[in-house]
Amino acid sequence: MRLDIITIFPEYFAPLEVSLLGKARRAGLLDVSVHDLRSWTHDRHRTVDDTPYGGGPGMVMKPEPWGEALDAVAPPTAEATPRLVVPTPSGRPFTQAMAAEYAARPWLVFACGRYEGIDRRVYDEAATRMPVDEVSLGDFVLAGGEVAVLVMIEAISRLVPGVLGNRESVTDDSFAPGAMESLLEGPVYTKPPVWRERAVPDVLLSGHHGAIARWRRDEALRRTAAHRPELLARLDPAALDKHDRKV
Ligand SMILES: N#Cc1c(N)n[nH]c1-c1ccc2c(Cl)cn(Cc3cccnc3)c2c1
């Protein structure tokens, strides 16, 4: 999977060198390139922004550097066509399902904007030759797109086959398709069996896999009801047995 990132802060992406993403890059599972948008400026000050037409606060990112950057990173003549992913406060909510969809694609280009955003004509021109997705990470406000892209790359990359070690599974993730979909994960425990007079729930030490699975599902239902009750409404009633309904 090829990932290209265009940003005025390339140093934000140093974390992509470590942990599972660093290993995946070294294993050739991910081909990640970070591009400095200022490489496509031509003035002494390497200008990437200007005042907004129509007035208003802040600055807007100029179209020219973005146009040249996208031409260079994703040339119109390229064999494959990337999907351009642009984080923006007004984008479609990023979800685990979108992460899975992106993980199945061969090439993603992430545009990290700053200031009040990127000139709209950049999106419109890019959309003439590649799919363009505007995505938001949630109802909070960041200063730019870089942190959002880091989060998306981690969520996407861990779903790419081979990136997670064999021991790490994505099937039991919260929000993963299937039985756990729309349920939050329950509590986890490890050794020692008693810590500061707090014991691990007996069922987890019982070796009774059916009872353990039942307990974990009950805890997931309880946590979901407590922290994200709206997710329970999404559950297919057929997926709930009579025991679930008592939890
Ligand atoms: N994704 C996401 C996301 C999120 N969940 N919060 N904020 C953002 C986000 C993403 C991209 C940019 C770009 Cl480009 C500039 N800003 C600053 C800004 C703040 C308020 C209004 N306009 C622009 C961004 C904020």
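# Exercises on a predicted model

At 0% relative accessibility, serine 157 counts as buried, and the structure in which this value was computed is a predicted model. The exercises below start from this residue and move outwards.

## Exercise 1: Serine 157 and its helix

Find the element that holds serine 157, and list the residues that serine 157 touches beyond its sequence neighbours.

*Solution.* Begin with the element: serine 157 belongs to helix H5, which covers residues 146-157. Next, leave out residues up to four places away in sequence, and the contacts of serine 157 are Leu3, Leu21, Leu30 and Val163. Finally, ask whether the side is open or covered: buried means under 20% relative accessible area, and serine 157 is buried because its relative accessibility is 0%.

## Exercise 2: The largest nonpolar core

Work out which elements build the largest nonpolar core, and which of them gives the most residues.

*Solution.* Start with the members: this core has 30 residues, of which Ile5, Phe94, Phe110 and Ile156 touch the most other members. Then turn to the elements, where strand E1 (2-7), helix H1 (19-26), helix H3 (96-103), strand E6 (107-111) and H5 each give two or more residues to the core. H5 gives the most, with six residues.

To see one member in detail, take isoleucine 156, which, leaving aside neighbours within four places in sequence, is in contact with Met1, Phe94, Ala99, Tyr102, Ala103, Leu108 and Phe110. Another core lies apart from this one and has 21 residues, including Val48, Trp107, Ile118 and Val122.

The last step concerns H1, in which Leu20, Leu21, Gly22 and Ala24 are buried, and the buried residues of H1 pack against H5.

## Exercise 3: The shell around the ligand

Describe the residues around the ligand, and then give the distances from its nitrogen atoms to polar atoms of serine 136, leucine 137 and glycine 138.

*Solution.* First, the ligand has 19 residues around it, and Pro87, Gly113, Gly138, Phe140 and Leu142 come nearest. Sorted by class, this shell holds ten nonpolar, seven polar and two charged residues. Strand E5 (83-93) and strand E7 (132-136) each supply at least two residues of the shell, and the largest share, three residues, comes from E5.

Second, take the polar atoms one after another: a polar side-chain atom of serine 136 is 3.3 Å from a nitrogen atom of the ligand, a polar backbone atom of leucine 137 is 3.5 Å from a ligand nitrogen atom, and for a polar backbone atom of glycine 138 the distance to a ligand nitrogen atom is 3.0 Å. Taken alone, the ligand exposes 520 Å², of which the protein buries 88%.

## Exercise 4: Unusual backbone angles

Locate arginine 46, tyrosine 115 and proline 192 in the chain, and state what is notable about the backbone at each.

*Solution.* Keep the general rule in mind: most residues other than glycine have a negative phi, and most peptide bonds are trans. Arginine 46, in the loop between strand E2 (31-36) and strand E3 (49-50), has a positive phi of about 55 degrees although it is not a glycine. Tyrosine 115, in the loop between E6 and helix H4 (120-126), also is not a glycine, and its phi is positive, near 60 degrees.

Now compare accessibility with the cut-offs, where partly exposed lies between 20% and 50%: arginine 46 is partly exposed because its relative accessible area is 37%, and tyrosine 115 is partly exposed because its relative accessibility is 35%.

Lastly, proline 192 sits in the loop between H5 and strand E8 (194-195), and the peptide bond from lysine 191 to proline 192 is cis, with omega near 5 degrees.

Conventions. Residues numbered from 1 in each chain as written. Predicted model: local features only at pLDDT ≥ 70, side-chain atom pairs only at ≥ 80, totals over all residues. Heavy atoms only, no water. Near = heavy atom within 4 Å. Polar contact = N/O pair within 3.5 Å; in protein donor to acceptor, adjacent residues only side chain to side chain. Areas by Shrake-Rupley, 256 points an atom, 1.4 Å probe, with all protein chains shown as cover. Helix = DSSP H or I, 4+ residues; strand = E, 2+ residues; numbered from the N terminus. Nonpolar A, V, L, I, M, F, W, Y, C, P; charged D, E, K, R; others polar. Buried < 20%, exposed > 50% of the residue type's maximum accessible area, 1.4 Å probe, protein only. Contact = heavy atoms within 4.5 Å. Core = buried A, V, L, I, M, F, W, Y, C linked by side-chain atoms within 4.5 Å.
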